[in-house]
Amino acid sequence: MMIEGKSVYSGVAIGRLAIYHKADNQVKREKISDVDAELARFEEARNTAKEQLAGLYEKALKEVGEVNAAIFEVHQMMLDDLDYVESVINMIQSQEVNAEYAVATTGDTLSEVFASMDDDYMRERAADVKDISNRVIAVLQGKGAGGLNADEPVILLADDLAPSETVQLDKSKVLSFVTRHGSTNSHTAILARTMNIPALIGIDYPEDAEGKMGIVDGYEGKLIIDPPVSVLETYQKRKEADEEKKRLLLELKGKENVTIDGTKINLYANIGSVADVASVLANDAGGIGLFRSEFLYLESSDYPTEEEQFAAYRKVAESMAGKKVIIRTLDIGADKQVDYFHLDKEDNPAMGYRAIRICLDRRDVFKTQLRALYRASYYGTISIMFPMIISVNEVKEIKKVIAEVKAELDEEKIPYKDVEIGIMIETPAAVMMSEELAQEVDFFSVGTNDLTQYTLAIDRQNPKLDNIYDSHHPAILKMLKMIVDNGHKGGCWVGICGELGADTTLTETFLKMGFDELSVSPSMILKVRQEIRSIELK
Ligand code: PEP
Ligand code: MG
């Protein structure tokens with residue numbers, strides 16, 4: 001039997017199917033005689049639940065990183081929420097009912113309120129309110145949480161999984177998560193990515209699947225129940241090949257990016273959203289070398305506000321816990337069109353009104369982003385990088401805007417930190433001016449995607465020219481060397497954040513040229529690390 005759904009993380013899992021059973025929190029309404037004693041029971045259970053959550057937070061922090069652990073902090077705060085606590089207390093006092101019933105009813109009512117709200121974030125809180133209520137009820141009833149009956153590792157089938165449920169699972173017993181509900185960005189999906197195991201959503205499995213043999217095909221988004229031997233063998237081979245690759249790479253977590261003869265290089269990750277931080281952490285990147293901030297604008301139906309941007313940048317900075325986070329300012333135009341900017345149609349958009357050109361023209365938009373970035377800088381180690389630079393004058397102009405922003409923040413007594421300023425080198429003009437540009441900034445990051453397009457005069461979007469779009473062209477390699485040398489002369493550190501940075505056939509060349517950093521997609525970190533560690537330069 002084969003059931004199709006959606007994959008949220010690839011890979012293959014083969015094993016017995018086990019259905020996750022929710023904690024049994026059947027609650028009866030009971031009349032109580034001693035209101036004060038019942039209030040004390042509630043208070044004690046609430047405190048125990050908070051202690052449990054603090055423990056879960058610590059556990060999750062170690063296992064899945066700060067971003068994924070944050071939910072348990074949110075739950076602790078929800079247990080202190082006055083509306084929630086007062087509602088339970090009022091019910092116990094006015095209706096003289098048992099604490100379990102008051103907690104369950106409050107949980108249901110608030111969760112319905114959240115569920116009906118016109119805001120994705122608030123709707124997600126509906127599940128959280130139920131989750132915390134179930135926890136308090138379990139404490140009141142002296143029961144443990146629900147769970148999984150398995151002696152061997154299994155493919156876990158569930159309706160949906162709350163974060164508190166997943167974190168309590170014995171991870172060594174889970175081969176894959178398969179849920180009926182949940183979304184690509186659900187905590188379970190993030191956890192699966194972090195655990196590096198396949199996960200499917202939207203799979204309406206039958207209840208009699210329990211105990212049967214199953215295959216999760218995380219490439220195609222399929223669950224196969226009771227597979228014939230031939231299918232099992234095919235997947236077994238695929239899984240073994242995957243595992244060998246994974247095993248070799250995972251051994252590199254926690255290791256340095258150092259060549260055999262001791263040359264080190266920073267290996268950072270490229271991201272497009274806050275959610276990507278999970279895989280940055282899972283793949284052990286040393287920092288974020290390129291956060292394409294335009295995705296915040298692309299996902300939005302109107303200009304993202306300073307507060308919205310601040311929240312996103314702060315979250316990334318905090319999640320990276322002091323490691324470097326390089327955020328690139330808005331890089332729209334050309335292939336990245338945003339409706340609400342109402343940009344004119346251009347004959348030659350790649351060479352048109354885009355990136356820093358728009359920002360220097362639309363100061364309101366630019367300042368909003370810079371204010372958000374500087375405010376967020378206080379919460380971690382943020383660097384700011386500017387795209388599509390062609391001249392020293394542009395950088396001087398940018399620095400004027402930064403000075404204005406800082407003056408405003410000083411005036412408003414809003415704290416910010418010293419922020420490293422860098423530019424992308426992705427136009428031939430910037431390469432030729434790199435000696436002068438290095439005097440103005442702290443670092444360079446080479447955008448080889450655009451640098452190739454502008455140097456070879458080949459539209460990077462044109463599939464007809466794919467065969468001659470050659471980032472290994474000697475012109476590009478010569479430029480790379482020139483950029484490193486000029487950058488270093490001017491006291492800048494120099495990295496690559498274009499796709500070429502992850503090309504392991506050139507890793508040795510980059511090291512020899514003297515690059516200080518490579519920023520690649522999170523899933524490429526360990527591969528590039530493996531390559532670096534196999535190189536002997538001298
Ligand atoms: C580049 O041009 O190499 C780059 C990293 O930026 P983007 O791909 O976002 O244009
Ligand atoms: Mg670019």
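1. Let's begin with strand β3, which covers residues 12-19 in this predicted model. Seven of its eight residues are buried, so you can think of β3 as mostly covered. The strand has two partners to look for. Strand β7 (residues 213-217) runs antiparallel to β3 and is joined to it by five bridges; within that pairing, G15 stands opposite G214. Strand β4 (residues 154-158) runs parallel to β3, with four bridges between them. To find this second pairing on screen, look for L17, which sits opposite I155.

2. Next, please turn to strand β14, residues 443-446. Which way do its side chains point? F443 and S445 point one way, while F444 and V446 point the other way. This is a nice place to see a general pattern: in a regular strand, side chains alternate between the two faces of the sheet. On both sides of β14, these four residues are buried.

3. What runs alongside β14? Strand β13 (residues 420-425) is parallel to β14 and connected to it by four bridges. Here I425 stands opposite V446. Strand β15 (residues 493-496) also runs parallel to β14, again with four bridges. In that pairing, F443 is found opposite W493.

4. Now for the magnesium ion, which is ligand 2. Which residues coordinate the magnesium ion? They are E426, through OE, and D450, through OD, at 2.0 to 2.2 Å. E426 lies in the loop between β13 and α14 (428-432), whereas D450 belongs to helix α16 (residues 448-456), so the pair ties together parts that are 24 residues apart in sequence. Both E426 and D450 are buried.

5. Ligand 1 deserves a careful look too. How many residues surround ligand 1? There are 14, and the closest are R292, R328, G447, N449 and R460. Several backbone atoms come up to its oxygen atoms. A polar backbone atom of N449 is 2.7 Å from an oxygen atom of ligand 1. For D450, a backbone N or O atom lies 3.0 Å from an oxygen atom of ligand 1, and for T448 the corresponding distance is 3.1 Å. Taken alone, ligand 1 exposes 290 Å², and the protein buries 98% of that. Notice that D450 has now appeared twice: its OD coordinates the magnesium ion, and its backbone approaches ligand 1.

6. R328, one of the residues closest to ligand 1, is worth following further. R328 is found in strand β11 (residues 324-328). Is R328 buried or exposed? Its relative accessibility is 3%, so it counts as buried. The side chain of R328 also makes a polar contact of 2.4 Å with the side chain of E294.

7. Finally, the cysteines. A disulfide is a covalent bond between the sulfur atoms of two cysteines. How many disulfides does the structure hold? The count is zero. Why is C359 without such a bond? The closest cysteine sulfur, in C497, is 16 Å from the sulfur of C359, which is too far for a bond; the cut-off used is 2.5 Å. C492 is in no disulfide either, with its nearest cysteine sulfur, that of C497, 15 Å away. C359 is buried, with a relative accessible area of 1%, and C492 is buried at 4%.

Technical notes
Residues numbered from 1 in each chain as written. Chains lettered and ligands numbered in written order. Predicted model: local features only at pLDDT ≥ 70, side-chain atom pairs only at ≥ 80, totals over all residues. Heavy atoms only, no water. Buried < 20%, exposed > 50% of the residue type's maximum accessible area, 1.4 Å probe, protein only. Helix = DSSP H or I, 4+ residues; strand = E, 2+ residues; numbered from the N terminus. Pairing = 2+ DSSP bridges. Near = heavy atom within 4 Å. Polar contact = N/O pair within 3.5 Å; in protein donor to acceptor, adjacent residues only side chain to side chain. Areas by Shrake-Rupley, 256 points an atom, 1.4 Å probe, with all protein chains shown as cover. Donors = N, O, S within 2.8 Å, 3.2 Å for Na, K, Ca; no water.
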